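I opened this one to go through the fold, the helices and a handful of residues. My notes follow in the order I looked things up.

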Amino acid sequence: MEPLVGVKIGCLLALLVLTLFCGIIPICFKWFRIHAATGKHRRVLNLLGCVSAGVFLGAGLMHMTAEALEGIDSEIQSYILQNRTGSEGNSSDTTDSTDVDYPFGELIISLGFFLVFLLESLALQWCPGSTRRSKTQEEEWGGAHSLNLHSHGPLPPPSQGPFRALVLLLSLSFHSVFEGLAVGLQSSVPAVLQLCLAVLAHKGLVVFGVGLRLVQTGTGPRWALVSILALALMSPLGLALGMAVAGGDPEGGRALAQTVLEGVAAGTFLYVTFLEILPRELATPESPLAKWACVAAGFSFMAIIAVWA
């Protein structure tokens, strides 16, 4: 076995094991179930949820969105250059005119945002009975209303909990496949190790946040474990695909399609982060400065990792 192949297989196993381990911790331990917590225990879980919200915010802005914007702009410029070169047969006259002024990357990310918005609106239109709050949500948010406490605004619509959890998992799954694909396409051992370590550094915390989110939204343990297992398989799947195609020639159209999918996934992730995760954690007024510090800490961690990612 070549050293490069062996390192990639090791990275594949590391991604699988770390994701499973971090994801099942909040599912397997009852301590993380906020609906059964009281007093100080409940406050700690609320602050931990704010840290995970900051991690999601950092992952969405500093990783998924940044990578999608960079990839989309690069691939669109390459695609335009190839088309002009092929049609005119003279690349020297067109090299300076490949800069794209229109923000295609931002548009594609916004399309992902509005796609989930549309699907969610259709679900509410066709299934109005789903707007009833879950028991967990009533327990979490009912206290603030019964005490007439001031909050940051209207509570987030409860009906989308399972739908938004599914969107969160799908967007992270897309992103995980592309992360694994990037690792699998590397051609040297140092490059593989550097990229894999960067992925491992932020993936563990993100998946832990996913597991915590599933538990706190009342998802059953069986479905939560199945969701974490499916998410854990995505990066190894992408890495395996990258190993399979590493020796082939990249196709411009395929690379452009990949970056577009990454942009759509980033948009869906931002939708869930801003309309479900952050409003849920900031819905009650207890310890606002502590919540801010926890969100900022989670975001800062992801921002630091972005230096190497």
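**Threonine 259 and helix α8**

I began with threonine 259, which, setting aside neighbours within four places in sequence, is in contact with Gly71, Ile72 and Glu75; contact here means heavy atoms within 4.5 Å. Threonine 259 sits in helix α8, where helices (H or I, at least four residues) and strands (E, at least two) are DSSP runs numbered from the N terminus. Its relative accessibility is 6%, so I put threonine 259 down as buried. The classes I use are buried for under 20% relative accessible area, exposed for over 50%, and partly exposed in between, with a 1.4 Å probe and protein chains only.

I also checked proline 279, another residue found in helix α8. Proline 279 is partly exposed, at 24% relative accessible area. Its C-alpha is 9.6 Å from that of alanine 53, although 226 residues separate the two in sequence.

**Ground rules**

I am working with a predicted model, in which local features need pLDDT of at least 70 and side-chain atom pairs count only at pLDDT 80 or more, while totals for chains, interfaces and linings use all residues. Residues are numbered from 1 along each chain as its sequence is written, and side-chain values use heavy atoms, leaving out hydrogens and water.

**The whole chain**

I counted secondary structure next: the protein chain has 9 helices and 0 strands. Read along the sequence, the pattern is α-α-α-α-α-α-α-α-α. Of the 309 residues, 40% count as buried.

I then looked up the contacts between residues at least 6 apart in sequence, and 83% of them join residues at least 24 apart. The chain exposes about 15,700 Å², with 68% of that supplied by carbon and sulfur atoms; the areas come from the Shrake-Rupley method with a 1.4 Å probe, and for residues only the protein chains shown count as cover.

**Helix spans**

How far does helix α1 reach from its first C-alpha to its last? I get 37 Å for its 26 residues (3-28), close to the 38 Å expected. The expected span is 1.5 Å times one less than the number of residues. The buried residues of α1 are Lys8, Cys11, Leu15, Thr19, Cys22, Gly23, Pro26 and Ile27.

Helix α3 has 23 residues (104-126) and reaches 32 Å, close to the expected 33 Å. I list its buried residues as Gly105, Ile108, Ile109, Gly112, Val116 and Glu120.

For helix α6 (residues 189-216), the end C-alpha atoms are 40 Å apart, which agrees with the 40 Å that 28 residues should span at 1.5 Å a residue. I did find a kink of about 30° in α6, centred on lysine 203; the bend at a residue is the angle between axes fitted to the seven residues ending there and the seven starting there. Just after α6, glycine 218 takes a positive phi of about 85°.

**Helix α5**

Serine 173 is in helix α5 (residues 161-184). Is serine 173 buried or exposed? I have it as buried, because its relative accessibility is 14%. A polar atom of the serine 173 side chain lies 2.6 Å from the backbone oxygen of leucine 169. Outside the neighbours within four places in sequence, serine 173 is in contact with Leu231 and Met234.

Phenylalanine 174 is in α5 too. With a relative accessible area of 40%, phenylalanine 174 is partly exposed. Its C-alpha and that of alanine 266 are separated by 9.2 Å, with the two positions 92 residues apart along the chain.

**Serine 287**

Most residues other than glycine have a negative phi. I flagged serine 287 here, as it has a positive phi of about 50° although it is not a glycine. Serine 287 lies in the loop between α8 (252-281) and α9 (288-305). I mark serine 287 as partly exposed, with a relative accessible area of 38%.

**Cysteines**

I searched the whole structure for disulfides (a pair of cysteine sulfur atoms within 2.5 Å) and found 0. Cysteine 11 is in no disulfide, and the nearest cysteine sulfur, that of cysteine 196, is 3.3 Å away. Cysteine 11 counts as buried at 4% relative accessibility. Cysteine 22 is buried as well, with a relative accessible area of 13%.

Conventions: Polar contact = N/O pair within 3.5 Å; in protein donor to acceptor, adjacent residues only side chain to side chain.
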